[in-house]
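Colleague: Before we discuss the fold, please show me the sequence and the coordinates.
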Amino acid sequence: MRLVLVGPPGAGKGTQAAVLSEKLGVPHISTGDLFRANIGNSTPLGQKAKSYMDAGELVPDEVTNEMVRDRLSDEDAAQGFLLDGYPRNTSQAEVLTGILGEKHLELTAVVQFDVPEEELVKRMLARGRSDDTEDVIRRRLAVYHEETEPILGYYQDKVIKIDALGSIEEITGRALEALRSHQ
Ligand code: B4P
């Protein structure tokens, strides 16, 4: 399985990706987690990413694409992967198509998480990460609508939309069921 999870900030992509990667036996690749690990280790990449993340903006594509290209060349991604938080705009989606195309591969599906905006804000304020302040959340939501939503048009019939309101177990069940009927 080669999957992409798409959804607004706070939709629970990271939460579901952790469970789904275990159930499906493919590595969970989160660009947000990769950036946060780099920030924690004070690497040059982390220093570059931090200012964008703190402002609720996307980290520049060239940095993000290279990081993903490297990660996808690791051995554990050869049999499949679950990408969480990437691609986040059409240009990243085109780069991903290119990376996979070089290996004669395609995505299996793109899972879209549907959650009302009031719930997203509630979840993020409760989480309280350093980029979960009200102003930054507002900016991240705007960036999602402007830059990320268009990738759903790019992927068209690969998109499986699931209702991501409910318990973590219910949502995992819906995602697995949707993937089963998509195949
Ligand atoms: P990400 O790390 O991708 O985070 P996110 O979109 O905010 O959260 P996610 O949807 O994963 O929600 P989570 O499971 O944590 O992005 C952070 C930043 O990194 C971006 O703003 C950007 O700057 C940068 N970045 C990342 N990828 C990039 C890219 N490709 N290009 C450029 N920049 C990039 O869940 C949220 C909360 O809800 C948690 O507290 C969780 O416990 C809770 N929750 C989850 N499921 C729930 C449920 N069913 N019910 C109630 N609460 C739930």
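The following exchange treats the sheet, its central pairings and the helices packed around them.

Modeller: Please bear in mind throughout that this is a predicted model.

Colleague: In what order do the five strands of the open sheet lie?

Modeller: The strands of this open sheet are paired in parallel. Its edges are formed by β2 (28–30) and β5 (159–163), each of which pairs on one side only. From one strand to the next the twist averages 25°. Read across the sheet, the order is β2-β3-β1-β4-β5.

Colleague: Which residue of β3 is the bridge partner of leucine 3?

Modeller: Strand β1 (residues 2–6) pairs with β3 (residues 81–84) in the parallel sense, over four bridges. Within β3, phenylalanine 81 is the bridge partner of arginine 2. For leucine 3, the bridge partner in β3 is leucine 82.

Colleague: Which residue in β4 stands opposite leucine 5?

Modeller: Strand β4 (residues 109–114) also pairs with β1, in the parallel sense and over four bridges. Opposite leucine 5, in β4, stands valine 111.

Colleague: How many of the five residues of β1 are buried?

Modeller: A residue counts as buried if 20 or more other C-beta atoms lie within 10 Å of its own. By that criterion β1 is largely enclosed by the rest of the structure, because the buried residues number four of the five.

Colleague: At what angle to β5 does helix α9 run?

Modeller: Two helices that lie across strands of the sheet may be described together. Helix α1 (residues 13–24) lies across β1, β2, β3 and β4, and runs at about 180° to β3. Helix α9 (residues 168–182) lies across β4 and β5, and its angle to β5 is about 150°.

Colleague: Is α4 roughly parallel or roughly antiparallel to α5?

Modeller: Helix α4 (residues 61–72) packs against helix α5 (residues 90–102) at an angle of about 30°, and their axes are 11 Å apart. Angles under 35 degrees count as roughly parallel. Therefore α4 is, with respect to α5, roughly parallel.

Colleague: What is the handedness of the crossing of α4 and α5, and how do the residues of their contact divide into nonpolar, polar and charged?

Modeller: Where α4 passes α5, the crossing is right-handed. From α4 the contact draws on Asp61, Thr64, Asn65, Arg69 and Leu72, and from α5 on Ser91, Gln92, Val95 and Ile99. The residues of this contact comprise three nonpolar, four polar and two charged. The handedness asked for is thus right-handed, and the division is three nonpolar, four polar and two charged.

Methods
Residues numbered from 1 in each chain as written. Predicted model: local features only at pLDDT ≥ 70, side-chain atom pairs only at ≥ 80, totals over all residues. Axes fitted to C-alpha atoms, helices over the stretch in contact; angles between N-to-C directions. Parallel < 35°, antiparallel > 145°, perpendicular 65-115°, else oblique. Left-handed = near helix turned anticlockwise from the far one by under 90°. Contact = placed C-beta atoms within 7 Å. Nonpolar A, V, L, I, M, F, W, Y, C, P; charged D, E, K, R; others polar. Buried ≥ 20, exposed ≤ 12 C-beta atoms within 10 Å, placed from the backbone. Pairing = 2+ DSSP bridges.
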